[in-house]
Each structure stands twice: as structure tokens, then as C-alpha cells.
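Please walk through the fold below, starting from a strand and its neighbours and ending with a helix.

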Amino acid sequence: MSFKIYNTLGHKIEDFVPYNKDKVTMYTCGPTVYHYAHIGNLRSYICEDVLEKALNYCGYNVKRVMNITDVGHLSSDADTGEDKMLKGAKREHKTVLEIAKYYTDCFKSDCDRLNIKWPETVVPATSLIDDYIKFIEVLMEKGYAYFTNGNVYFDTSKLKEYYQLTNHNEEELMHGVRESVEEDTNKRNKTDFVLWFTKSKFDSQELKWQSPWGMGYPGWHIECSCISLKYLGEQLDIHCGGVDNIFPHHTNEIAQTESYIGKKWCNYWFHVEHLNDKSGKMSKSNGEFLTVDLLIKKGFNPLAYRLFCLQSHYQKQLLFTYESLEGAQNTYDKLISKIKSINEDSSEVDKALFEKYNNMFKETLCDNLNTSNSLFQLKSSNCFSSKFVILSHCEINPLNQFENNLS
């Protein structure tokens, strides 16, 4: 049974064929830890978690790496404005590293409550400064980067296919950039991006390191490239993130990484659509700041939110309402009640039926991670009433740690 996935790079659903059949390498863009994660952020991590578990369930051995952005992510995707970490530190009258530690712990707590597996390798951006400097030096030697007015920029005009991930033109893409975009007159080209900032432009930046270009700090995009190369090598199978990462972040990652290694880098790009509320795309600055803690205070189980996300396909925008979450909570409660009754059932599992429904479940997972169809099939066929179906789904953990509930 082949595993099919929508590949943003190919702009279509493709058969998944890893570089190495014995190990799948997977990179996840992690959080910028300047504030709590809202549930829109967490939808991406839920879907990425299910992707990893689905691959494992289908026989692949997955090695996943995730970064923690604790420096360099600016308030504008055009590489201008204030560093988000510095912004958080000012807001709470703490150091940047104190802010990073606190909100990293909060993010991990959210992942635990949502049954999101913590990646085996999690790397803070600040831990690889020397790697970034060496990476930039190579790009400059190859003619892909230039230094001007205190900053080092990547020169996108050197590339033939800068927009290969998006399949759009420059003007179309700039409309999709998050938050305000300010023009940087130091750039040779509008789409050039910063690899290294120096004190000449950001004197208020708390975290700075010595470099060949002066005291400064790395740009946001470079951390993911270097972390992935260091821990997963030059052949990356899957790179994950939200759709708002496609441009410019992932576009810039491809540009700088493939210029550095001189060949194709990542084969599959997996992107999760936005979670919206009635006012539009959910964000920290738009409407009610919805966090896992807030859902708990309102009486919801975090795993009901996980189920709510899995009832929709990851490529579709999802509208959040409390009414919809209440529906997911009711469904979740019924499942837990059924599991408790199964614990008391000493009858043998029908192996033939087990295989039948287990194969149905795998087929929907292998069909571009169609969790919504998996749940629909089970409901429509009344499969939740059968012990073997619950057992066949416990390894994938779409709702809760079923193994513990069944023990």
C-alpha cells in the first residue's frame, strides 16, 4: 500500500518515496517562543504529529527534528521591524533567554496535553551560531550573498527558480506576507533576504555574537536550513509547516540551502491550512487569544480540540466555533465511554474483522492523510461499537493514549 501525500513543491498529490527506505527524515518548523501558542498554531503541530505517527503506523521509521526560534524572527516577514523575542522580553520585563525558556516550557506542556509527540531532536536557534556564520561564508564565497550597510543579504537574482515552491510571481506573493511589510532600501532586489544583521541597524538587540561582519545576530530563515543539515543531512524527505510559511520562509530556505549544497535538498513539502475564527485567520493580535489553557478554563478537554482538527482535512481552512468544539467534545466523551466498556469485555477479537477495518483505516491515512474520511467511515459504518476497531486504531493515537485506556 503506497503512502500518498500532497507535495507543495510538485503542486499535486504524489507517492511518497523516501531517499532511504530504512529511515524517513522529517523537519518541523518550531515555534517562536515569545508568547503562548494559540490553537491556530497548534493545529499545524497536531497534523504534523499525525503525519509522523501515520508514517510509523505504515511501517516507516521516522526521525524528526524541530527548531525553537529564540532569536532572529522579526515582526515583518520582509526582514524588517523588531525581533519578536525582543518584543516579548520588553513586554514582560525579562531577558530574551528567560522569555524563551518560559514559553518553550509552555509550548511543550501544550503538546503534552494535546498528545503531540515531542520530536526526538529539538534545537534552539541560539545553539548553532557558528554553523550559521560558516553557512553564510560559503554562500558569499559562491557569490550568492553580499554585504551592505551592516547586513548580509542573500541575492535571489542568482537563482533560476526562486518561486518553485509557490508557482506564483513576486507581486502575487507579497500580498500574502504576514503583518506589515516595510521596504528595505539596502537590498539589491525586492526579494533578497537577510542572512545576518549587525549592530549598525539593531542596537537594541539583546542577543549578539561576533562575526566576520561585526557584532550581530542571524536572520530567521537561516536557522532551519542549518539545523536540518546538521541533524538530518543533505537529503531531507519531508519539511513541514503552516501555509503561511510557504512564502517567504520556506521559499528562502530552499534558495539558501540548495545554493549551499549545490543540489536538490527536500523532496516533499507538507503544509497545514489556517484555523479561522469568525473574524478571519486566527492570530495573537486578532480577536480573542485562544490558548489551550483558555479552552480548559471553559471546560473543554484539549483532546476534544485535537479531534475537532482531525474531523477536517489538513489542506482545508477550518472555522473554529465553540459550538463545533462542543460537538467534538461530545463525540470524544462517547469514545472514552466506549473504551471503558471495552475494558470490561473479555471476548476475543475477530482477527478477520480486525484486518478488514485496520486496512480501511490505513487506506484513508495513506490517501493524503485523510483523517476526516477515516472518522467518517467509522461513524457511517457504526464501527465504533466494535472492540477490534478501537484496538486497530490505538497505535495511531488520533484521539487519546488509547493503549493506556485499554490496559
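The paragraphs below take up a strand, a loop glycine, the nonpolar core and a helix in turn. The model is predicted.

Strand β3 covers residues 24-28, and 5 of its 5 residues are buried. Val24, Met26 and Thr28 point one way from β3, whereas Thr25 and Tyr27 point the other way. This arrangement follows a general pattern: in a regular strand the side chains alternate between the two faces of the sheet. In β3 the residues pointing either way are buried.

β3 has paired strands to consider next. With β4 (residues 62-68), β3 pairs in the parallel sense over 5 bridges. With β12 (residues 236-242), β3 also runs parallel, joined by 3 bridges. Tyrosine 27 takes part in both pairings: its bridge partner in β4 is valine 65, and its bridge partner in β12 is histidine 239. The connection from β3 to β4 involves helix α1, and β3, α1 and β4 together make a right-handed β-α-β unit.

Ahead of β12 comes a loop that follows α6 (220-232), and glycine 233 is found in this loop. Is glycine 233 buried or exposed? Its relative accessible area is 25%; buried requires under 20% and exposed over 50%, so glycine 233 counts as partly exposed. Leaving aside neighbours within four places in sequence, glycine 233 is in contact with Ser228 and Trp265. Glycine 233 and threonine 25 of β3 are 208 residues apart in sequence, but their C-alpha atoms are 8.7 Å apart in space.

The largest nonpolar core has 109 residues, and those with the most contacts inside it are Phe3, Leu51, Ile238, Tyr305 and Phe320. Helix α1 (residues 39-57) supplies the largest share of this core, 10 residues. In general, nonpolar side chains tend to be buried together in soluble globular proteins. What does isoleucine 238 touch, not counting residues up to four places away in sequence? Its contacts include Val24, Thr25, Met26 and Tyr27, together with Leu51 and Leu55. Also among them are Phe16, Cys266, Tyr268 and Phe270.

Tyr305, another of the core residues with the most contacts, is one of the buried residues of α9. Why is helix α9 (residues 302-310) described as largely enclosed by the rest of the structure? The reason is that 9 of its 9 residues are buried. They include Arg306 as well as Leu303, Leu307 and Phe308. At the N-terminal end of α9, asparagine 301 acts as a cap, with a side-chain oxygen 2.9 Å from the backbone nitrogen of leucine 303.

Methods:
Residues numbered from 1 in each chain as written. Predicted model: local features only at pLDDT ≥ 70, side-chain atom pairs only at ≥ 80, totals over all residues. Heavy atoms only, no water. Buried < 20%, exposed > 50% of the residue type's maximum accessible area, 1.4 Å probe, protein only. Helix = DSSP H or I, 4+ residues; strand = E, 2+ residues; numbered from the N terminus. Polar contact = N/O pair within 3.5 Å; in protein donor to acceptor, adjacent residues only side chain to side chain. Core = buried A, V, L, I, M, F, W, Y, C linked by side-chain atoms within 4.5 Å. Contact = heavy atoms within 4.5 Å. Pairing = 2+ DSSP bridges. Right-handed = clockwise from strand over helix to strand, strands pointing away.
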